[in-house]
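Reader: I should like to request a close look at a single part of this model, with the surrounding context set out in a connected account. Please concentrate on the aromatic pairing and on the residues that can be linked to it.

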Amino acid sequence: MTKQPDSKFSRREFLRIAGGASSVGLLYWLLRPAQASAALLPPGAQDPISFKAICIRCGKCVAACEQKAINFDEAGFPFMDALQGWCDFSGDCTQACPTAALLPFNPDIAKIGTAVIDTDRCIAWNLNCQLCCGLCIHVCDELQQAIYRDEDGNPHIDPARCNGCGACVTICPRSAFTDGNPKRGKAVSIQSVNSIGL
């Protein structure tokens with residue numbers, strides 16, 4: 001009687017195929033193209049890919065920022081950290097930059113991002129009370145007048161006026177009402193546009 005061939009993989013064949021697939025996956029992970037950073041870049045920054053190629057991570061822009069609005073990411077690149085301070089568009093960071101990673105910009109039209117309100121976290125949106133908070137509106141009134149209230153007292157962003165300075169993020173108190181992590185607690189954030197704003 002003739003023995004039928006076994007259609008199942010042997011253990012050795014399975015391990016060989018699995019090992020090959022793992023090697024291909026590891027090779028792709030090591031050689032894959034680097035993704036552009038989604039971090040909010042300082043004013044005057046070139047596009048994310050050019051910025052990372054030119055920036056030497058010297059930290060001079062961080063040291064030059066009197067508002068303490070620039071911080072280092074995990075790889076040592078500078079980014080705008082509105083949790084610590086807001087950008088006054090003074091241009092001190094670009095003057096301190098020894099490379100062309102940060103270019104001179106016009107502070108009157110420069111835009112590094114746009115504020116976005118998380119209505120699920122915002123005190124005013126959740127309590128429907130014109131007197132409940134409004135700190136973001138008050139701080140922005142002195143800068144860009146980019147935040148306004150609707151008839152119910154809820155704050156809204158005017159993208160055309162917002163330059164992404166981050167003052168609204170810095171002053172937002174919502175983190176006190178969550179687990180204490182300010183990155184998860186703020187009711188407003190800045191969405192990056194990575195524009196040099198010349």
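Author: The account below begins with the chain as a whole, turns to the aromatic pair, and then follows its neighbours.

The model is predicted. Its chain has 198 residues, of which 36% are buried. The secondary structure consists of eight helices and six strands. Read from the N terminus, these elements follow the order α-α-α-β-β-α-β-α-α-β-β-α-α-β. Of the contacts between residues at least 6 apart in sequence, 59% join residues at least 24 apart. The chain exposes about 12400 Å², and carbon and sulfur atoms supply 55% of that area.

The part requested can now be examined. A search of the whole structure finds one aromatic pair. The pair is formed by F89 and F105, whose ring centres are 6.1 Å apart; their planes stand at 80°, so the arrangement is edge-to-face. F89 belongs to the loop between β2 (78-80) and α4, while F105 belongs to the loop between α4 and β3 (113-117), so the pair ties together parts that are 16 residues apart in sequence. Both F89 and F105 are buried.

Helix α4 (residues 92-96) contains T94. With a relative accessible area of 13%, T94 is buried, because the limit for that class is under 20%. Leaving aside neighbours within four places in sequence, T94 is in contact with F105, one member of the aromatic pair, and also with P43, G44, L102 and L103. A polar atom of the T94 side chain lies 2.8 Å from the backbone oxygen of G91.

The other ring of the pair leads to N163. Among the residues that N163 touches, not counting those up to four places away in sequence, is F89; the others are A110, K111, I112, G113 and Q144. N163 lies in the loop between β5 (155-157) and α7 (167-171). Its relative accessibility is 7%, and N163 therefore counts as buried. The side chain of N163 reaches the backbone nitrogen of C165 at 3.0 Å.

A further buried position is A69, which is found in the loop between α3 (60-64) and β1 (70-72). A69 counts as buried because its relative accessibility is 1%. With residues up to four places away in sequence set aside, A69 touches F79, M80, D81, G85, W86 and C87. A69 and P42 are 27 residues apart in sequence, yet their C-alpha atoms are 8.8 Å apart in space.

Two interactions that involve arginine complete the account. R57 lies over the face of F77, at 4.5 Å from the ring centre. A search of the whole structure also finds one salt bridge. In that salt bridge the side chains of D118 and R121 meet at 3.1 Å, N to O. D118 has a relative accessible area of 25% and is partly exposed. R121 is likewise partly exposed, at 28%.

To return to the part requested, F89 and F105 are both buried. F105 is in contact with T94, and F89 is touched by N163.

Definitions and conventions. Residues are numbered from 1 along each chain as its sequence is written. This is a predicted model: local features need pLDDT of at least 70, side-chain atom pairs count only at pLDDT 80 or more; totals for chains, interfaces and linings use all residues. Side-chain values use heavy atoms; hydrogens and water are left out. Helices (H or I, at least four residues) and strands (E, at least two) are DSSP runs, numbered from the N terminus. Buried means under 20% relative accessible area, exposed over 50%, partly exposed in between (1.4 Å probe, protein chains only). Contact means heavy atoms within 4.5 Å. Accessible areas come from the Shrake-Rupley method with a 1.4 Å probe; for residues, only the protein chains shown count as cover. A polar contact is a pair of N or O atoms within 3.5 Å; within protein, one must be able to donate a hydrogen and the other to accept it, and residues adjacent in sequence count only if both atoms are side-chain atoms. Rings of Phe, Tyr and Trp (its six-membered ring) pair if their centres lie within 6.5 Å; planes under 30 degrees apart count as stacked, over 60 as edge-to-face and the rest as tilted. A charge sits over a ring if NZ of Lys or CZ of Arg is within 6 Å of the ring centre and within 35 degrees of the ring normal. A salt bridge is a side-chain nitrogen of Lys or Arg within 4 Å of a carboxyl oxygen of Asp or Glu.
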